[in-house]
Amino acid sequence: MALGFEGVTQRFGAVTALSDVSLTVRPGEIVALLGQSGCGKTTLLRLAAGVERPSAGRVLLEGRDVSDPARFVEPEHRGVGFVFQDYALFPHLTVGENVRFGLRGQGAAAAEATALRALARVGLADFYGAYPHMLSGGEQQRVALARAIAPRPGVLLMDEPFSNLDRRLRDVVRDETAALLEETGATSIIVTHDPEDAMRIADRIVLMRAGRIIQVGTGEELYRTPASLFAARFFCDFTEVEGWVAGGAVDTPLGRFAAPDLPEGSDAIVCIRPHRVRIVPKGYYLPGRLVARRFLGEFDHLLVAVEGFDRALSVRASLSDEIAVGDEVGVEIPSDEVLVFPAADQ
């Protein structure tokens, strides 16, 4: 199914959770709603499911308005599956019974066969007779996913589905979920506050802030060309350097960087990606001194003091063992890897 929101606003008393949100999700597309807690992500999901009714605007399924007060379509009639953050499994029911719960319109034998197929797709057919408390967190998440896909919904909604998993299990379950969503072809919306989750699983990312959509695009588009400093910060831990615009560039203690679109004399913030900074031999580029080095596996996290800059420059790079803390080094900052924003754009 195609899923759409047209001018959707949602108020809870004096609080506006969503403000004039418009978005179209194409059939079979996987979209991630990304943003901080309280920005309206889950509210938008609940409106799509029919759990809540919008204060204004329309929710569309296949072009049909399912939120019209006069012809409101209840959740059970929308063909929408929902995976809750806490999985919402019934503890007194077996895994099979949990999956069969949404298949009440089928006969017992057909429902059991459908539930077994759904569990097989998530690798849990052998747990059909087990109870939720007997499963790990990752297995419970997959049961919740099997329950959601068993009725073959046209739209699948997932609210922070990986937030309760530890880092290693999270990576495994996320990749398995991405593969399953591709296989089922359901139109999917996933709510997350983790940009890595969004980039690894979604065709498009919808970045939200304070009830509004800030930017929509692929993970690469939002990472490489963020529309604002707020958007940029979501995808990278920058070193941010204040400066001012003169002659179409920003002067900073770390160099001069092009800012052709900013007004002359205005304040600006230069964002330097830690993994794009190069540490070179002393005597080349900016003079610096290595003040800290922490081994992180594939790279080292470095702190480099640069003259005229009042705090250490954060760098992620692999260094030879010949360079030690306290050594003088050179610092190269490629100008084409730097982002510049108005200081007021926060």
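**Salt bridges and burial in the predicted chain**

In the predicted model D197 is buried, with a relative accessible area of 3%, where buried stands for under 20% relative accessible area, exposed for over 50% and partly exposed for what lies in between (1.4 Å probe, protein chains only). Residues are numbered from 1 along each chain as its sequence is written, and side-chain values use heavy atoms, with hydrogens and water left out. Because the model is predicted, local features need pLDDT of at least 70 and side-chain atom pairs count only at pLDDT 80 or more, whereas totals for chains, interfaces and linings use all residues.

A salt bridge, defined as a side-chain nitrogen of Lys or Arg within 4 Å of a carboxyl oxygen of Asp or Glu, connects the side chains of E196 and R174, with an N to O distance of 3.6 Å. This pair links distant parts of the chain, since E196 lies in helix α6 (residues 195-201) and R174 in helix α5 (residues 167-184), 22 residues apart; helices (H or I, at least four residues) and strands (E, at least two) are DSSP runs numbered from the N terminus. The two partners differ in their burial, for E196 is partly exposed at a relative accessible area of 28%, while R174 is buried at 1%. R174 also forms a salt bridge with D197, and here the closest N and O atoms are 2.4 Å apart. Again distant parts of the chain are linked, D197 being in helix α6 and R174 in helix α5, 23 residues apart. Through salt bridges that share partners, R170, D171, R174, D175, D194, E196, D197 and R200 are joined into one network.

In another part of the sequence, the side chains of E29 and R26 meet in a salt bridge of 2.9 Å, taken from N to O. Of these two residues, E29 counts as buried because its relative accessibility is 4%, and R26 counts as partly exposed because its relative accessibility is 46%. The count of salt bridges comes to 23.

Helix α4 (residues 137-149) contains 13 residues and reaches 19 Å from its first C-alpha to its last, which is close to the 18 Å expected at 1.5 Å a residue, the expected span being 1.5 Å times one less than the number of residues. Since 11 of its 13 residues are buried, α4 is largely enclosed by the rest of the structure. The buried residues of α4 include the charged-type letters E139, R142 and R147 alongside V143, L145 and I149. Those buried residues pack against β6 (80-83), α2 (95-100), α3 (108-121), β7 (155-159) and α5.

Strand β14 (residues 267-272) holds I269, which is buried with a relative accessible area of 5%. The C-alpha atoms of I269 and W244 are separated by 8.2 Å, although the two residues stand 25 apart along the chain.

For the protein chain taken as a whole, 8 helices and 20 strands are found, and the C-alpha trace spans about 80 × 45 × 30 Å along its principal axes. Buried residues account for 49% of the 346 residues. Of the contacts (heavy atoms within 4.5 Å) between residues at least 6 apart in sequence, 64% join residues at least 24 apart. The accessible surface, obtained by the Shrake-Rupley method with a 1.4 Å probe, and for residues with only the protein chains shown as cover, comes to about 16600 Å², of which 50% belongs to carbon and sulfur atoms.
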